[in-house]
Amino acid sequence: MSTGVIAPPRRPEIKTALPGPKAQKIIEADAKFVTPSYPRPDYKLVAERGRGVWVEDVDGNVFLDCNAGVAVCATGHCHPEVVQAIQQQAAELIHMCGTDFYYRHMPQLAEKLDAIVPVQSPTRTHFANSGTEAVETALKLAMHATGREKFIAFFNSFHGRTLGSLSLTSSRASQRKGFKRQALDVVHVPYPNEFRNPFSAADCGDGGAGQGALNWIEERLFKTTTPPEEVAAIVVEAVQGEGGYVPAPKGFLQGLRRICDQHGILLIIDEVQSGMGRTGKMFASEHYGVKPDIITIAKGIGSGLPIGACVARAELMNWKPGAHASTFGGNPVCIASALKTIELLEGGLVQNAAEVGAYLKVGLERLMQKYECIGDVRGFGLMLGVEFVENKTTLKPAPELRDRIEYACYERGLIILGAGANTIRWSPPLILSKENVDVALEIFDEAIAASI
């Protein structure tokens with residue numbers, strides 16, 4: 001007897017021209033009434049509903065989602081247990097302003113974060129509404145705790161678009177254009193991208209790109225423009241996100257930890273995109289065995305609800321009432337979603353990200369052997385980057401080809417998104433199955449063949 005439950009599709013279902021007629025009307029209204037500053041891709045997806053790894057647009061076309069709302073929907077779209085947790089909490093208490101009043105949810109999630117973050121316990125947590133707010137908190141905290149004002153960040157990084165975090169962000173000129181000088185005193189260092197090593201052989205010695213970056217800081221910055229005793233913090237992504245899904249080389253983060261310890265500098269690791277199970281561990285920095293002083297979290301922690309967190313060693317977060325707060329940060333409904341998300345991650349989704357991510361990476365590496373235009377496949381778990389080049393001899397970036405492939409995937413019902421100038425990011429929901437991977441790789445293969 002039928003249960004009345006519709007089985008999810010095994011493949012995308014494209015029924016109209018893309019975008020369809022209903023989508024076109026929404027796109028036209030958006031162009032009229034919504035800010036044009038959003039960095040949307042060439043393809044125009046108008047989502048109506050989502051379930052698991054599937055997204056349906058307003059015209060009834062069904063897509064396989066390998067982007068997860070830019071690494072946000074960690075448990076998939078509308079996971080029934082997450083939905084239930086949200087509904088139950090919304091019926092009890094939606095808002096009370098945790099910066100003025102108390103409720104059980106904030107210490108409950110903060111205690112859970114103390115147990116799972118790689119920061120040395122005991123920790124304290126400040127709740128925010130987004131990744132950039134979490135980064136702003138980290139910056140203010142570092143200045144408050146050290147009495148220093150300078151920061152070191154890395155080229156091709158992305159830490160947000162609010163003015164403080166924008167001082168760190170350097171992945172695209174368009175993110176800074178029109179906003180004059182940066183708000184904070186930040187100096188940038190080339191990120192140690194092993195595929196495109198920006199350092200000379202003399203810089204690297206026998207330690208590769210990671211050693212090159214460390215030498216740049218110690219032998220150039222500290223001896224010329226940036227005295228270490230004036231640096232509040234070094235801010236780094238364990239895996240660069242918007243910069244092209246570039247993992248830190250082995251030894252690099254440990255080297256930053258050494259430099260920070262030596263000079264009384266705080267190490268801030270931005271795990272907004274790489275955290276919450278995405279890399280096959282709860283946090284990407286766990287792949288390197290490094291404990292930051294401060295960690296920033298958002299995106300995947302709330303399964304789609306807006307929540308961010310800055311977690312720091314408790315002795316650092318000793319600022320006085322009024323130093324930093326947020327009307328909506330730590331909202332009870334968002335925390336309910338986050339607690340259920342963490343429960344699901346610990347209950348098997350982090351492990352699934354590791355196993356299915358490894359399966360996906362092998363498939364992408366096979367495509368790299370097949371196509372001259374794939375220069376690199378990199379990453380951990382379900383945070384994988386595929387970099388497109390003109391050919392494997394010159395390795396010249398091929399951004400236009402990347403964009404064509406991105407669009408060709410959309411036409412075939414696969415949602416992916418670019419990162420950096422010429423990379424496609426794979427950041428699917430952590431519930432992705434190997435069967436889903438097989439379908440996605442088949443479509444990706446077809447899209448590349450049609451685009452070269």
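Start by selecting L113 and everything in contact with it: leaving aside residues up to four places away in sequence, L113 touches T125, F127, I297, I301, A309, V311 and I342. As you look around, keep in mind that this is a predicted model.

**Stop 1: the cores**

Now widen the view from L113. The largest nonpolar core has 66 residues, and L113, W426 and F444 touch the most other members. Next, colour helix 10, residues 332-370, which gives the most to this core, with 14 residues. Apart from this core lies another one, of 33 residues; to find it, select F154, Y191, V246 and L267, which are among its members. A general tendency fits here: in soluble globular proteins, nonpolar side chains tend to be buried together.

**Stop 2: the second largest pocket**

Select G98, M106, T125, H126 and H324. Of the 25 residues that line the second largest pocket, these are the closest to its centre. The volume of this pocket is about 750 Å³. You have already met T125, as one of the residues that L113 touches.

Which element gives the most to this lining? Select strand 4: it supplies five residues. Helix 4 (105-116) and strand 4 (123-128) each bring at least two residues to the lining. Sorted by class, the lining has twelve nonpolar, ten polar and three charged residues.

**Stop 3: strand 14 and its partners**

Select residues 383-388, which make up strand 14; six of its six residues are buried. Show the side chains and see which way they go. M383, G385 and E387 point one way, while L384, V386 and F388 point the other way. This follows a common pattern: in a regular strand the side chains alternate between the two faces of the sheet.

Now add strand 13, residues 374-380, which pairs with strand 14 in the antiparallel sense over six bridges. Look for G379, which stands opposite L384 in strand 14. The hairpin of strand 13 and strand 14 has two residues between the strands, and G381 takes a positive phi near 55° there.

Then add strand 17, residues 423-426. Strand 14 and strand 17 are also antiparallel, joined over four bridges. Here E387 stands opposite T423. W426, back at the first stop, is one of the core residues that touch the most other members.

**Stop 4: an open sheet**

Select strands 1, 2, 3 and 15. They form an open sheet of four strands in the order 1-2-3-15, with mixed pairing. Why is one side of strand 1 and of strand 15 left without a neighbour in the sheet? Strand 1 (47-51) and strand 15 (414-415) stand at the edges and each has a single partner strand, so one side of each has no neighbour in the sheet.

Zoom in on strand 1 and strand 2 (residues 54-57): the two run antiparallel and are joined by four bridges. Find R51, which stands opposite W54 in strand 2.

**Stop 5: a loop residue**

Is R181 buried or exposed? With 71% relative accessibility, R181 counts as exposed. You will find R181 in the loop between helix 6 (163-166) and strand 6 (185-189). Select S167 too: its C-alpha atom is 8.7 Å from that of R181, although the two are 14 residues apart along the chain.

**Stop 6: a cavity**

Finally, select A71, A74, Q273, G275, M276, R278, G300 and L430, which line the largest cavity. About 30 Å³ of space lies in this cavity. Its lining divides into four nonpolar, three polar and one charged residue.

Key:
Residues are numbered from 1 along each chain as its sequence is written. This is a predicted model: local features need pLDDT of at least 70, side-chain atom pairs count only at pLDDT 80 or more; totals for chains, interfaces and linings use all residues. Side-chain values use heavy atoms; hydrogens and water are left out. A nonpolar core is a set of buried Ala, Val, Leu, Ile, Met, Phe, Trp, Tyr and Cys residues joined through side-chain atoms within 4.5 Å. Buried means under 20% relative accessible area, exposed over 50%, partly exposed in between (1.4 Å probe, protein chains only). Contact means heavy atoms within 4.5 Å. On a 1 Å grid over the protein atoms alone, a cavity is a set of points where a 1.4 Å probe fits but cannot get out, and a pocket is an open set with protein on both sides within 12 Å along at least five of seven lines; lining residues have an atom within 4 Å of a point. Grid points are joined across faces, edges and corners, and a volume is the space filled by probe spheres set on the points. Ala, Val, Leu, Ile, Met, Phe, Trp, Tyr, Cys and Pro count as nonpolar, Asp, Glu, Lys and Arg as charged, and the others, Gly among them, as polar. Two strands pair if DSSP finds at least two bridges between them.
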